[in-house]
Amino acid sequence: SKVDQHHKVSHVDSNKYSIAAEKKFLLYDVNFGEGFNLRRDVYMRVANTVRLLRESGENWILVLPPWGRLHHWQRMQVALSWRLFFDLESLNRFIPVMEFEDFLDENRPIDQVIYLQHYEEGWGTEYVRKFDERRCLPPADSHYRKENDSKWRGWFYSYEDVQASNFKCVSIQGDSGTLKDLLTHSNFSSMTSVMVDRAETILHENFGDVNYWKARRSMRYSKDLVEAANVFRDKYLDSDDENDDTEMVADWRKERAKRTAKGGPYLGIHWRRRDFLYARHDQLPSIKGTAEILEKLCEKLKLNRIYLATDAPEEEVNELKSYFGKELQVFRFTDTQKYNDGQIAIIDQYLCAHAAHFIGSYESTFTFRIQEDREILGFPISSTFNRLCPDNIPDCEQPPKWKIVYK
Ligand SMILES: C[C@@H]1O[C@H](OP(=O)(O)OP(=O)(O)OC[C@H]2O[C@@H](n3cnc4c(=O)[nH]c(N)nc43)[C@H](O)[C@@H]2O)[C@@H](O)[C@H](O)[C@@H]1O
């Protein structure tokens, strides 16, 4: 009936694609090995799938995958909700989202797990967007198992009593739009709730376009984290939004292009260490080399404060600091009592994003997210797209400038 339908959409009235159709739920997960900031990128891809589905008249809602089991996090936590990190109201202004806990509270089943994988035979000579139901390749076959009750069990973000009715593997090459097609034009189109595992398999439909940036801008940080970081800016970095020209409108949909942000009187650096030293060894400076770059930069920019975001062990931080003269002060946010590893990572990023000048680490997604935040805040390009060069190539190639677009 009409009344029923009205009831069904009342949750998503705030969204401009509010649709009189039955609600459907998209859940997803990402390969276990991926880090926090690649996962944030995968959110943008899947959020755009939901946007496309809604634009085509289907009433999909994105169920947010709880955070946890990240191998970079020193403390092994699981089942952390999104509101610990992000502002859900803000996310909801792009597409309707809900926490997994709330999905479970509504006693909803998971009808179908679709495990995305590549094509066994590879990509072929030309890139075509396509998908096909295929036999499961490793490791899919080991991640889900059928129990005696013929339900499927898997990791499900550590929740033990969650199961799915059906499980299929799909080979796919494509993007957010291809995933939309998979959900609407395949055997899965009758399902009400679908979980897509290995969602990182799909790409952005148009990397860096306006919808990329809308999804990105909707990912405002939780009010608690912003508050904690702002208190720190005020106390140690002589930095606040009014002086720095970094004020933001409450609703990201009202943001307009600008390049007038000044930032606080400090240098922000993302100094990626640990496993990155193996992966990108030739592209990173030594500890001493890092100190030399920072000293020179501070002298040039007439700054005497550094905000250091890093995953480096304490000994390395101490070594770095030991190379600086007395005139340079180094600050870090380290309240691990009150905040979990992901929250500290976000506070680190926020503080780097508000610095007068930023320098990051080569091809780190942690660095990329800071650059995006600075684009949103409206910094001049030259203060943002900078990287630490290795010792032997002091004038190394600087990072690509993925500028924000509003149209
Ligand atoms: C080598 C590759 O590196 C890729 O990492 P990359 O893009 O830098 O960035 P992420 O994917 O975020 O992984 C790095 C993780 O290390 C911690 N981390 C790194 N830098 C900082 C920092 O400045 N402050 C804080 N608080 N934490 C930091 C944090 O947990 C972060 O999520 C990985 O995603 C890949 O899985 C792979 O390991």
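## Ligand shell

In this predicted model, helix H13 (341-353) is the main contributor to the shell around the ligand. H13 supplies 4 residues, the most of any element. Helix H2 (36-55), helix H10 (276-279), strand E11 (305-310) and helix H14 (365-377) join H13 in giving at least two residues each. The ligand has 23 residues around it. Those that come nearest are Gly-35, Phe-36, Asn-37, Ala-309 and Ser-364.

The shell is mixed in class. It has 9 nonpolar, 8 polar and 6 charged residues. Where does the shell lie with respect to domain 1 and domain 2? It lies between them, because domain 1 (2-212) and domain 2 (223-383) both give residues to it.

## Two domains

The domain assignment of the protein places residues 2-212 in domain 1 and residues 223-383 in domain 2. Their C-alpha centres are 32 Å apart. Contact between the two involves 18 residues of domain 1 and 15 residues of domain 2.

On the domain 1 side, H2 gives the largest share, 5 residues. By class, that side of domain 1 divides into 7 nonpolar, 6 polar and 5 charged residues. H2 also supplies at least two residues of the ligand shell.

## The four-stranded sheet

One open sheet has 4 strands, paired in parallel. Their order is E12-E11-E10-E13. Strand E12 (329-331) and strand E13 (355-359) are the edges, and each pairs on one side only. Neighbouring strands are turned by 30° against each other on average, direction ignored.

E11 pairs with both E10 and E12. The parallel pairing of E10 with E11 has 5 bridges, while that of E11 with E12 has 3. In the first pairing, Leu-267 faces Ile-306 of E11. In the second, Arg-305 stands opposite Gln-329 of E12, and Tyr-307 stands opposite Phe-331 of E12.

Is E11 mostly covered or mostly open? It is mostly covered, with 5 of its 6 residues buried. Helix H8 (223-237) lies across E10 (264-271), E11 and E12. H8 runs at about 115° to E10. E11 is also one of the elements that give at least two residues to the ligand shell.

## Strand E9 and its partners

Strand E9 (193-197) is mostly covered: 5 of its 5 residues are buried. Ser-193, Met-195 and Asp-197 point one way from E9. Val-194 and Val-196 point the other way.

E9 has parallel pairings with E1 and with E4. Strand E1 (23-28) is joined to E9 by 4 bridges. Strand E4 pairs with E9 over 4 bridges as well. Val-194 of E9 stands opposite Leu-26 in the one pairing and opposite Gln-112 in the other.

## Helix H6 and its cover

Helix H6 (176-184) has these buried residues: Ser-176, Thr-178, Leu-179, Lys-180, Leu-182 and Leu-183. Their cover includes H2, strand E5 (130-133), strand E8 (164-173) and E9. H2 thus recurs: it covers part of H6, and it gives the largest share of the domain 1 side that touches domain 2.

## Two residues in contact with H6

Ile-172 is found in E8. It counts as buried because 24 other C-beta atoms lie within 10 Å, and the cut-off for buried is 20 or more. Leaving aside neighbours within four places in sequence, Ile-172 is in contact with Leu-116, Phe-131, Thr-178, Leu-182, Thr-201 and Ile-202. Thr-178 and Leu-182 are among the buried residues of H6. Ile-172 and Pro-390 are 218 residues apart along the chain, and their C-alpha atoms are separated by 38 Å.

Arg-129 lies in the loop between E4 (110-117) and E5. Why does Arg-129 count as partly exposed? It has 15 C-beta neighbours inside 10 Å, and partly exposed residues fall between the limits of 12 or fewer for exposed and 20 or more for buried. Outside the four nearest places in sequence, Arg-129 is in contact with Gln-173, Gly-174, Asp-175 and Thr-178. Thr-178 is therefore a contact of Arg-129 and of Ile-172, and it is buried in H6. Arg-129 and Arg-387 are 258 residues apart in sequence and 34 Å apart in space, C-alpha to C-alpha.

Methods
Residues are numbered from 1 along each chain as its sequence is written. This is a predicted model: local features need pLDDT of at least 70, side-chain atom pairs count only at pLDDT 80 or more; totals for chains, interfaces and linings use all residues. Two residues are in contact if their C-beta atoms, placed from the backbone, lie within 7 Å. A residue is near a molecule or strand if its C-beta atom, placed from the backbone, lies within 6 Å of it. Ala, Val, Leu, Ile, Met, Phe, Trp, Tyr, Cys and Pro count as nonpolar, Asp, Glu, Lys and Arg as charged, and the others, Gly among them, as polar. Domain bounds come from an automatic or database domain assignment. Two strands pair if DSSP finds at least two bridges between them. Axes are lines fitted to C-alpha atoms, for helices over the stretch in contact, and angles run from 0 to 180 degrees between N-to-C directions.
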